[in-house]
Amino acid sequence: MLDLIVTHAVLPDGRTDMSIAVQNGRIVEVTAGLAVPAHETLDAQGLLVAPHFVDPHFHMDATLSYGLPRVNESGTLLEGIALWGELKPLLKAEALIERALAYCDWAVAKGLLAIRTHVDTSDPSLLAVEALLEVKRLVAPYIDLQLVAFPQDGVLRSAGGVDNLQRALDKGVDVVGGIPHFERTMADGAASVKLLCEIAAKRGKLVDMHCDESDDPMSRHIETLAYEAQRLGLQGRVNGSHCTSMHSMDNYYVSKLLPLIAGSGVSVIANPLINITLQGRHDTYPKRRGMTRVPELMAAGVNVAFGHDCVMDPWYGMGSGDMLEVAHMGLHVAQMTSQAGIRACFGAVTTNAAKVMHLGGYGLDVGCDASFVLLQARDPVEAIRLRATRLKVFKKGKLLAETPAATARLHMTGRAEATSFMPPRTGV
Ligand code: FE2
């Protein structure tokens, strides 16, 4: 007998009345209308079952520290970096771990079961690295946590930057990070990209750099990153995070850059909530949105994902681990309001993000892990519109979290008794 069967589900690709059969934590069958006995049956009642959400860009060492030791008064990226510099020497591993674990609880409740987090390697004590390696171990039963060695102060700009990063990788950090636009000069930035990609190639690691996170139309580190990915045979293993300068670049240059990125197999992560709040800060009006060129990158064949980046930290005081909120902002900022565009935004926080992280067993196909979410929505478009309630969250066939349906009781004569904000499916 099966362990679990989910019936009457809508899948993200539009298939309806689908059944998902689960045995030993894996999906063993996905078919229309299957009804076979199982130890547990879940009737999805025509609602969406999606693979779990994936956040490919986060900073878990800073999360939930909002207000410590003070709030970011200007709300800018640079004050955020300065504030993080003030907080770092005060950090205690225990408190950092407690905040990270609390965030992971939020994540599970929101169906977010894989997170790539950058961890600052600038401090020679590597306190944050040790703390997040411990968090990774603690949350392993329910969250795939991937760590990126992130030299926040610049791998070349800060004393001991290369050594600290190498020691973090020795300790088991998964991915090589960088921040070329924060090095002293454009030339140093390019040198850091080359150096870090070579370290990754030598160690067999993936690469994920904060790349051109500025409004500078002349910032060119994504070009160098794509070049190095190709030169070192790292196609499909390198990601450029943010790439906000692309928003401001000359269109002719971008027409040359897009095929270069696509050809080098470099993926791109936009962080819509953070880009829309931190970029364009030097502008009066009109103010640039600052997010990278998401639809154009997608059209060029680049794998584009959305990250949350920050939740209640020195850079951003909002957020709750909700990747549908990220997708919602992404589609607004990128004006991806076509049906295909909205679905692509859903993909940016699920399948595309899983591809960036090289997650194994991800998806709703036979053989994949039975790690999925039942949403209070009838399709991905409605899921984003409502930032839909995660009714049930499963990890390898095991129920991890439940949230009651969001339904308002109405007390009006002659009208419905309740509404869940889903329009009636009537004809014209
Ligand atoms: Fe970031």
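Hi everyone, let's start at the metal: along the chain, the donors of the iron ion follow the spacing H-x1-H-x150-H-x98-D. Donors here are N, O and S atoms within 2.8 Å of the metal (3.2 Å for Na, K and Ca), and water is not among the atoms, so sites may look incomplete. Two of these donors come from distant parts of the chain: His57 sits in strand β6 (residues 53–58) and His210 in strand β10 (residues 206–211), 153 residues apart. Strands are DSSP runs of E with at least two residues, helices are runs of H or I with at least four, and both are numbered from the N terminus.

A word on the source: this is a predicted model, where local features need pLDDT of at least 70 and side-chain atom pairs count only at pLDDT 80 or more, while totals for chains, interfaces and linings use all residues. Residues are numbered from 1 along each chain as its sequence is written, and side-chain values use heavy atoms, leaving out hydrogens and water.

Back to the iron. Which protein atoms are its donors? They are His57 (NE2), His59 (NE2), His210 (NE2) and Asp309 (OD), 2.1 to 2.4 Å from the ion. The angles among the four donor atoms run from 85 to 177 degrees, and the site is irregular. For four donors, that word means neither tetrahedral (all angles between 85 and 135 degrees) nor square planar (opposite donors over 155 degrees apart, all others between 65 and 115). His57 and His210 are both buried, meaning under 20% relative accessible area with a 1.4 Å probe, protein chains only.

Next, the rings. Phe58, also in strand β6, links to Tyr103 in helix α2 (residues 93–109), 45 residues away. Their ring centres are 4.5 Å apart and their planes at 15 degrees, so this pair is stacked. Rings of Phe, Tyr and Trp (its six-membered ring) pair with centres within 6.5 Å; planes under 30 degrees apart are stacked, over 60 edge-to-face, and the rest tilted. Phe58 has a relative accessible area of 0%, and Tyr103 is likewise buried at 0%. Together with Trp106, Phe58 and Tyr103 form one aromatic cluster.

Finally, the largest cavity. On a 1 Å grid over the protein atoms alone, a cavity is a set of points where a 1.4 Å probe fits but cannot get out, and lining residues have an atom within 4 Å of a point. Here 16 residues form the lining, with Leu77, Gln152, His210, Glu213 and Trp315 nearest the centre. So our iron donor His210 turns up again, in that lining. Thanks for listening!

Definitions and conventions. On a 1 Å grid over the protein atoms alone, a cavity is a set of points where a 1.4 Å probe fits but cannot get out, and a pocket is an open set with protein on both sides within 12 Å along at least five of seven lines; lining residues have an atom within 4 Å of a point. Four donors count as tetrahedral if all angles lie between 85 and 135 degrees; four count as square planar and six as octahedral if opposite donors are over 155 degrees apart and all others between 65 and 115; anything else is irregular. Buried means under 20% relative accessible area, exposed over 50%, partly exposed in between (1.4 Å probe, protein chains only).
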